[in-house]
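Visitor: Please take me through a single part of this model, looking closely at how its strands are arranged and what lies against them.

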Amino acid sequence: MKILVVSDNHGLEQELQEILETHSVDHLIHCGDSEFPIDHPLLDKFIKVKGNCDRDKSFPDDAELQLDQIKLYITHGHLYGVKSDLLSLSYRAQEVDAQIICYGHSHIAHAEIIDRRLYINPGSIRNSKSQLPETYVILTIGELDTDQHTIQVTVAFYALDHSVVKS
C-alpha cells in the first residue's frame, strides 16, 4: 500500500497537481498549510488537517486513518510544538494508539522512530528550511508478517522534480 504525504504547499497549485499526476497511490494525506479552502479540487481526495496558515475553519485539527494493522495519526504540528521537540506529539500518539504519525509545520523533512512509533514530516513543497530541497513523501506499507509480527514500512522523500532525495 502506498500513501502520498505532503505538507506546507502554501498556495502552490501547479506543483501539487504535478505530484498528484506523477504518483499512483492508495491514499493521500495533507498535513496542513495548503492555504486552500477545504473544498478546493486539488484537496478533494486528501485526508487533510488544518495548519496554522489555513484560514478555512472547516479543516479538522487532526485526523486518523486505520489501515488493517496500522493506525496513522495526522496533524499539522503547531498545536504540539513540533518546532521544539516531538514530546507533546508523542503523548498524543500514545493516546490515540497510532503507530505512524504524519505532521508538518517546520518545513523540515524528517523521519524518526520513537518508542516503536514512526514520525514522518514530509517537509514542505514550498520553502524548505533544511539542507534538503522542497520535499514530499511516499510511504509504503507492506503486508503483516504473522510469524514475526512485523510490517515493513518504507519512507521515501522526493524532490519537486520527483527524484528520490538521498539523505
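Guide: In this predicted model, a good place to begin is strand β9, residues 135-145, which runs antiparallel to β10 and is joined to that strand by nine bridges. Within this pairing, Tyr-136 has Tyr-158 of β10 standing opposite. The two strands belong to an open sheet of five strands, whose order reads β3-β2-β1-β9-β10 and whose pairing is mixed. Because β3 (46-48) and β10 (150-159) each have a single partner strand, they form the edges, and one side of each is left without a neighbour in the sheet. From one strand to the next, the twist averages 25 degrees. Helix α1, made up of residues 14-22, packs on this sheet and touches β1 (2-6), β2 (27-30), β3 and β9, while the direction of α1 makes about 170 degrees with that of β1.

A word on the cysteines may complete the view, since the structure holds zero disulfides. The closest cysteine sulfur to that of Cys-31 is in Cys-102, and at 5.2 Å the two are too far apart for a bond, because a disulfide calls for sulfur atoms within 2.5 Å. Seen from the other side, Cys-102 is likewise in no disulfide, with the sulfur of Cys-31 as its nearest cysteine sulfur. As for their surroundings, Cys-31 counts as buried because its relative accessibility is 0%, and Cys-102, at 0% relative accessibility, counts as buried too.

Terms used:
Residues are numbered from 1 along each chain as its sequence is written. This is a predicted model: local features need pLDDT of at least 70, side-chain atom pairs count only at pLDDT 80 or more; totals for chains, interfaces and linings use all residues. Side-chain values use heavy atoms; hydrogens and water are left out. Buried means under 20% relative accessible area, exposed over 50%, partly exposed in between (1.4 Å probe, protein chains only). Two strands pair if DSSP finds at least two bridges between them. Helices (H or I, at least four residues) and strands (E, at least two) are DSSP runs, numbered from the N terminus. Axes are lines fitted to C-alpha atoms, for helices over the stretch in contact, and angles run from 0 to 180 degrees between N-to-C directions. Contact means heavy atoms within 4.5 Å.
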